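Colleague: I am new to this structure and would be grateful for a close look at a single part of it. Could you choose one region and take me through it in a connected way?

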Amino acid sequence: MGVENSGFIRACYGRNDGHIPIWIMRQAGRYLPDYLAVRRQVTFEQLCRSPKLIAEVVRQPVHKFGLDAAILFSDILIILDAMGATVSFKEGGPELAKAITTPDDVSRLCDFDVRTELPFVYDGIREIKQVLPDTPLIGFAGSPFTIACYLVEGKGSKNFETVKQFVHQYPAAADKMMSLVTDVTVRYLDAQIAAGCDAIQLFDSWGGILSRDDYRDWSLRWTKEIFAKLKSRGVPRILFVNNLAPYIDMVGELDCEVVGVDYRMDLRAAADALPGKAVQGNLEPSVLFGPTEKLVDTTRRILDSLDNHNRLIFNLGHGIRPATPIDAVETLVKTVHEYR
């Protein structure tokens, strides 16, 4: 069976009649002892730039748990250095050397050739396809608004008030910044597909902080452009919005195949609001820390809530957390795979 006939790809198009596929956001990461063993040898940035290590950490959870899809190991901000926004990856989170605070600062950002400046990403994809030839591989990028949050704030934030003010105070400069990030993201994801990715996911990690009007104007319109320009590539396009519920009607009109649903929203309600689209999600990651019986029951209740499992990709409703018990992940995967 080729990748195109895998349960994951079939589910993306609403045609899966086999077991329900499952993968886990941040599945290659700090909860896995094998990953931690790799990280003791290199920094996070060194790992992101080593194709062979990228392939190794991507392989680990797929082989350990029998997951139905792999996802590229990288970071949404890996594009920034080449754009002229130097970023360092510290234990407390990413930090930019200089934030965008004025319209003039936007002029410091530059376009670049993604294939020349980011070869380690595409070499990593090719390495992954060598070690996981029969597993669908998901490429990814951050949404332009989410990238802008870090560009303007200079680091992580709980609410990114600075960027929300920036887009209203300097709309022309914000538009120029978002347009550049959008162009780079289209070419970045296109090159990931060319290197071997079987699907792509856009992480709108901070779109959920916006009002509805601002979400439409400063996040959704750029997402529409990215997905429209990648449509001809013929791979599933997945959008994950952290805090989807306020905008689900707008997302429902988006031309994409799959919508990731965060843990705050009822999965049945999301599926009903997204006719014709596959849904991905949405177990609360902390449930994995509780009793096995509760984990199984909660997972089954999510599965029971849906009438149509042909367009379901099971996942967590956010990234898996450090210190998550390994046996809980095994139980989750087994529960989903044995459901039908």
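Modeller: Axes here are lines fitted to C-alpha atoms, for helices over the stretch in contact, and angles between N-to-C directions run from 0 to 180 degrees. The model is a predicted one, in which local features need pLDDT of at least 70 and side-chain atom pairs pLDDT 80 or more, while totals for chains, interfaces and linings use all residues. Residues are numbered from 1 along each chain as its sequence is written, and side-chain values use heavy atoms, without hydrogens and water.

I shall begin with strand β4 and then turn to a pair of helices. Helices (H or I, at least four residues) and strands (E, at least two) are DSSP runs numbered from the N terminus. Strand β4 covers residues 137-142, and 6 of its 6 residues are buried (under 20% relative accessible area with a 1.4 Å probe, protein chains only; exposed is over 50%, partly exposed in between), so the strand is largely enclosed by the rest of the structure. In a regular strand the side chains alternate between the two faces of the sheet. In β4 both faces are covered, with Leu137, Gly139 and Ala141 buried on one side and Ile138, Phe140 and Gly142 buried on the other.

Strand β4 belongs to an open sheet of 7 strands, paired in parallel in the order β1-β4-β5-β6-β7-β8-β9; two strands pair if DSSP finds at least two bridges between them. The edge strands, β1 and β9 (312-316), each pair on one side only. Strand β1 (residues 70-71) runs parallel to β4 and is joined to it by 2 bridges, with Ile71 opposite Ile138. Strand β5 (residues 199-204) also pairs with β4 in the parallel sense, over 5 bridges. In β5, Ala199 is the bridge partner of Ile138, and Ile200 is that of Gly139.

Helix α10 (residues 171-195) has 25 residues, which at 1.5 Å a residue (1.5 Å times one less than the number of residues) should span 36 Å; its end C-alpha atoms are 36 Å apart, in agreement. Just after α10, Gly196 takes a positive phi of about 140 degrees.

Helix α9 (residues 161-169) packs against α10 at an angle of about 110 degrees, with the axes 5 Å apart. That makes the two helices roughly perpendicular (65 to 115 degrees; under 35 is roughly parallel, over 145 roughly antiparallel, the rest oblique). In this contact (heavy atoms within 4.5 Å), Phe166, Val167, His168 and Gln169 of α9 meet Pro171, Ala173, Ala174, Met177 and Met178 of α10.
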